[in-house]
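Dear colleague,

I am handing over the structure below, together with some notes on what I found in it. Please read the notes with the coordinates open beside you.

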Amino acid sequence: MRTRILLLIATTATTASQCKAQETITGGVENGGSSCTINSWLWQGSVTTEFMEPLNWFNCGAVGGPTPNIPIYIGPIEHFIQGVPQEITYPERDAILQQNFSNPGFTMANGSGFDISCTISNSTYTCPSGVIGTPHPTAGDTGLATLILDNSVWDGSLTIGQSGGTGKLVFAGSSFVTGNVTIGSGDSCSVNNGQLQLFQSLNNSSQGSTSWTNTSGAVLTLDNGAFNRSWPSQPADLINEAGATITKTGLNTSNVSWDFTNNGILNIQEGTLSINNSYSGSSVVHVTDGAVFNLSGIPSPTASIEVYGDMKFSAVNGGGELNISGDYIDIGAPSSPQIHGSIINSGRGLLSTSLNNYSAGSASWTNTSGAELILQNTTFNRSWPSQPADFINEAGATLTKTGTNTDSIAWDFTNNGTLNIQEGTLTINSLYSGSSVVNVSDGALFNLSGTPSPSASFELYGDIRISAVNGGGELNMSGDYIDIGTSNPLINGSIINTGRGLLTSSFNNNSTGNATWTNTTGAELILENATFNRSWPSQPANFINEAGATITKMGMNTNSIAWDFTNNGTLNIQEGTLTINSLYSGSSVVNVSDGAVFNLSGSPSPSAAIEIYGDIRLSAVNGGGELNMSGDYTDIGTSNPLIHGSIINTGRGLLTASFNNNSTGSASWTNTSGAELILENATFNRSWPSQPANFINEAGATITKTGLNTSNFFWDFTNSGTIDIQEGTLRLISATDPKFKSATSVIMGSGTLDISSSPALFNSGTFAPGFADDEKNPDGLIIDVPFIQNDDTAVLSVQVGSLASKMTCTGVFDVGGTIDVQRIGDIEPDGSEVFIVLEAEFVSGVFDDYFTNAIPEIGNTAIDVQTGGLEYDVEYTSTSIIIKNISIFIPPCSPADLNGDGVLNFFDVSAFLSTFAAGEPAADFNDDGAFNFFDVSAFLQEFAVGCP
């Protein structure tokens with residue numbers, strides 16, 4: 001037990017509002033007086049820690065109290081004898097109050113390293129004002145005074161740290177202060193270990209450091225409370241430890257301007273919680289719908305935040321992480337906050353502010369799987385290009401662009417998730433990598449103007465504007481997209497189109513690597529002003545139109561593809577010109593509308609196979625495959641293309657260019673049945689005589705020669721179809737004799753077929769010469785060849801009228817097969833007409849067969865012929881074939897009109913009986929080889945039918 005000293009001191013009155021605690025006991029027998037006045041109960045704590053234990057209190061040398069009407073003093077006690085200071089004593093124990101109590105004042109003082117605490121447990125302490133931490137005038141201002149509220153209420157106001165003293169307020173359990181909590185002018189510290197509700201604002205002290213700490217398990221509720229920074233030069237710290245919680249209630253704004261270290265939880269249930277100063281720690285923030293978390297301070301490099309709910313960002317300048325989960329919203333923080341650190345979004349939120357990377361270090365924003373970030377007016381600016389800045393949209397995450405404005409991302413963008421561009425434009429201005437899906441709504445734009453990395457892979461669904469694709473990965477497009485024109489982007493990577501889109505921009509391959517564009521099955525690419533330029537010829541550049549894919553050319557301009565073009569799909573050239581300037585391969589269909597042009601001027605590979613439907617200009621076909629043409633096409637002249645491959649024409653077209661076979665392999669041109677090739681100035685040159693070159697005109701196909709010039713064929717020529725030489729000369733010049741050994745072969749017209757380089761023409765088909773005009777064209781169809789050999793299937797088909805067909809052969813014409821004479825016009829021959837239908841250097845032989853509708857006169861074989869409504873004679877001279885004695889042939893009215901006078905009468909019956917008796921074939925009416933009753937019956941039936 002401590003020895004109690006009896007003192008005589010002067011009377012001194014103090015109150016709980018005094019800055020420094022003093023001895024407040026006056027009078028008493030020990031001082032020589034007869035009485036004393038108790039102005040304050042002094043805690044001595046000499047027996048137990050119980051606050052209500054009388055032996056723990058000192059007053060006038062007696063034990064008693066405390067009482068509700070006298071203030072409380074806990075701290076150093078200075079003793080006096082006759083007014084002279086003697087010594088300072090200190091409480092021996094801390095105090096604990098475990099019942100409700102009230103009194104007018106409460107003071108806890110500091111002094112000489114002395115620490116003291118008072119705990120109020122499960123009680124309500126009613127006191128108008130209390131001071132926790134005030135210096136003793138003699139004992140000094142060191143040491144710590146602590147008030148602990150444990151599941152208790154302080155009903156009144158408190159000042160923590162006064163006049164340079166050091167105070168500490170600790171909350172445990174469910175505790176709160178009903179009045180103001182004032183941070184005094186000394187060092188102060190508040191520790192919350194329980195549940196505390198603050199309604200007032202706190203200001204840091206002007207003379208020392210200030211701190212508030214929530215310990216693990218503690219809850220601090222801010223209804224209208226704010227942690228103000230009244231003295232910016234003085235330290236002020238709000239600490240929310242791991243496991244601790246700060247809850248924001250009320251519709252107002254609570255500001256935290258103290259340095260905020262948060263390793264616990266923020267629950268923002270109503271209104272706004274704004275962090276205006278330094279932020280550090282690793283925290284979780286829950287923001288209820290309609291509430292706002294405004295992070296406008298400067299998080300430290302280690303700051304890590306998880307946000308659940310609506311959120312406003314002003315600045316994130318720490319090097320740590322901001323993790324966002326839940327529904328959050330940015331409603332427009334101060335313009336262009338600077339970001340230093342890593343922001344991680346694992347929820348759903350709206351951003352409407354611009355963000356800038358910071359000069360102090362790296363900045364990053366990450367959307368995790370399942371998260372969605374909505375951009376309404378957000379730009380990720382690269383304020384410091386030398387500092388790393390990364391935007392990461394992870395697999396399963398979504399970045400949604402809304403609003404009609406333009407949002408841009410100038411940070412390096414790694415996208416393995418989804419972009420939904422619903423309105424306006426989203427522009428990527430920096431490095432792009434990852435494998436992504438981009439959905440672009442009708443009218444919205446995706447502008448990729450940065451530099452994707454070699455691993456970039458995109459899928460685009462919607463409208464798109466492409467400025468540059470410089471990665472080595474893939475850009476996959478699906479849906480309706482549109483490019484509205486960015487000049488000559490450089491491409492390094494693979495662009496894959498799986499949708500439908502319009503391109504109006506020119507593309508250039510890059511110097512750094514491969515470039516490819518692929519249209520997949522079902523996709524359509526519309527070219528309006530797009531040119532695929534080969535800026536770097538040494539670098540691979542490939543354009544691939546897969547089977548089932550479509551390229552549509554629109555507009556009156558010329559679009560060119562200088563990339564190596566593999567086309568197994570369809571080209572629709574609706575307007576203007578599409579020019580292929582590089583290697584061409586694949587098996588394709590090309591539809592060319594009337595007036596449009598397809599210009600193939602590159603070097604197709606040996607496997608190229610093309611079907612052309614429409615007008616076409618050919619510059620070169622150098623592949624070993626096929627060029628198939630169908631429809632109306634026209635070539636308007638490109639000089640001497642080199643041909644390597646097989647061109648198959650299944651349509652109708654005009655060629656005005658010359659063609660050359662290539663040195664690399666065989667060349668062929670085939671007209672299929674029903675196709676027509678019009679030659680105006682086309683020559684098929686044999687530039688490489690050692691290489692095979694073949695022109696094939698199949699049965700049912702037509703070659704039409706127009707113009708007064710000469711079209712030469714140096715290629716081997718095989719004809720089973722029709723050659724119509726309307727004007728000029730068609731010259732066949734080849735090392736191999738031309739082949740006309742087909743019954744379907746037809747040579748017609750009024751021009752010249754020059755085969756003078758060959759010794760003979762062997763014909764199994766039809767010569768159908770045009771009309772000879774003594775003034776304009778006296779020779780008709782000219783065949784310039786030394787010898788023409790006609791076999792049994794050959795036909796000379798001529799027409800007679802006011803003019804007659806004529807064929808002129810410069811060599812020998814060996815007659816064979818059949819002559820067919822047709823009457824045209826209104827001619828009514830009377831038997832005096834004479835027509836020379838063939839002239840030659842020498843004519844040998846006679847026609848040895850007739851058409852099925854020709855009826856020879858009795859006794860003649862090939863002289864008098866009846867066919868085609870005419871009756872005529874054929875005469876031969878050594879140099880000509882002549883048709884003369886032409887008259888109209890009146891066919892019999894019935895097989896029973898045996899004398900052919902057009903009337904059935906007795907003379908026909910007499911003729912039948914005569915031939916029947918003689919057993920002549922004319923009487924065998926049922927064609928059974930016998931002459932009997934059945935022939936008579938058949939004759940009588942035909943006779944009874946009569947003449948029409």
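The notes below take up a strand with its partners, two individual residues and a pair of helices.

Please bear in mind throughout that this is a predicted model.

I begin with strand β47, which spans residues 412-415 and has one covered face, formed by Phe413 and Asn415, and one uncovered face, formed by Asp412 and Thr414. This fits the general pattern, since in a regular strand the side chains alternate between the two faces of the sheet. Strand β44 (residues 389-393) pairs with β47 in the parallel sense through four bridges, and within that pairing Asn393 has Asn415 of β47 as its bridge partner. Strand β50 (residues 432-433) also runs parallel to β47, to which it is joined by two bridges, with Ser433 of β50 standing opposite Thr414.

The next item is Thr402, which sits in the loop that links β45 (398-401) to β46 (406-409). Is Thr402 buried or exposed? Its relative accessible area is 13%, and because buried means under 20%, Thr402 is counted as buried. If the neighbours within four places in sequence are set aside, the residues in contact with Thr402 are Ile374, Leu375, Gln376, Asp407, Gln422 and Glu423.

A second residue that I looked at individually is Gly811, which belongs to strand β97 (residues 807-814) and which, with a relative accessibility of 1%, is buried. With its neighbours within four places in sequence again left aside, Gly811 is in contact with Val785, Pro786, Ala840, Glu841 and Phe842. As for a separation along the chain, Gly811 and Ala760 are 51 residues apart in sequence, while their C-alpha atoms are 9.1 Å apart in space.

Finally, there is the packing of helix α1 (residues 906-918) with helix α2 (residues 933-945), whose axes are 12 Å apart and make an angle of about 160°. Because angles over 145 degrees count as roughly antiparallel, the two helices α1 and α2 are described as roughly antiparallel to each other, and the crossing of α1 past α2 is right-handed. Which residues meet in this packing of α1 and α2? On the α1 side they are Asp908, Val909, Phe912 and Phe916, and on the α2 side they are Asp935, Val936, Phe939 and Phe943. Sorted by class, the contact between α1 and α2 comprises six nonpolar and two charged residues, with no polar ones.

With best regards

How values were computed
Residues numbered from 1 in each chain as written. Predicted model: local features only at pLDDT ≥ 70, side-chain atom pairs only at ≥ 80, totals over all residues. Heavy atoms only, no water. Buried < 20%, exposed > 50% of the residue type's maximum accessible area, 1.4 Å probe, protein only. Contact = heavy atoms within 4.5 Å. Pairing = 2+ DSSP bridges. Axes fitted to C-alpha atoms, helices over the stretch in contact; angles between N-to-C directions. Parallel < 35°, antiparallel > 145°, perpendicular 65-115°, else oblique. Left-handed = near helix turned anticlockwise from the far one by under 90°. Nonpolar A, V, L, I, M, F, W, Y, C, P; charged D, E, K, R; others polar.
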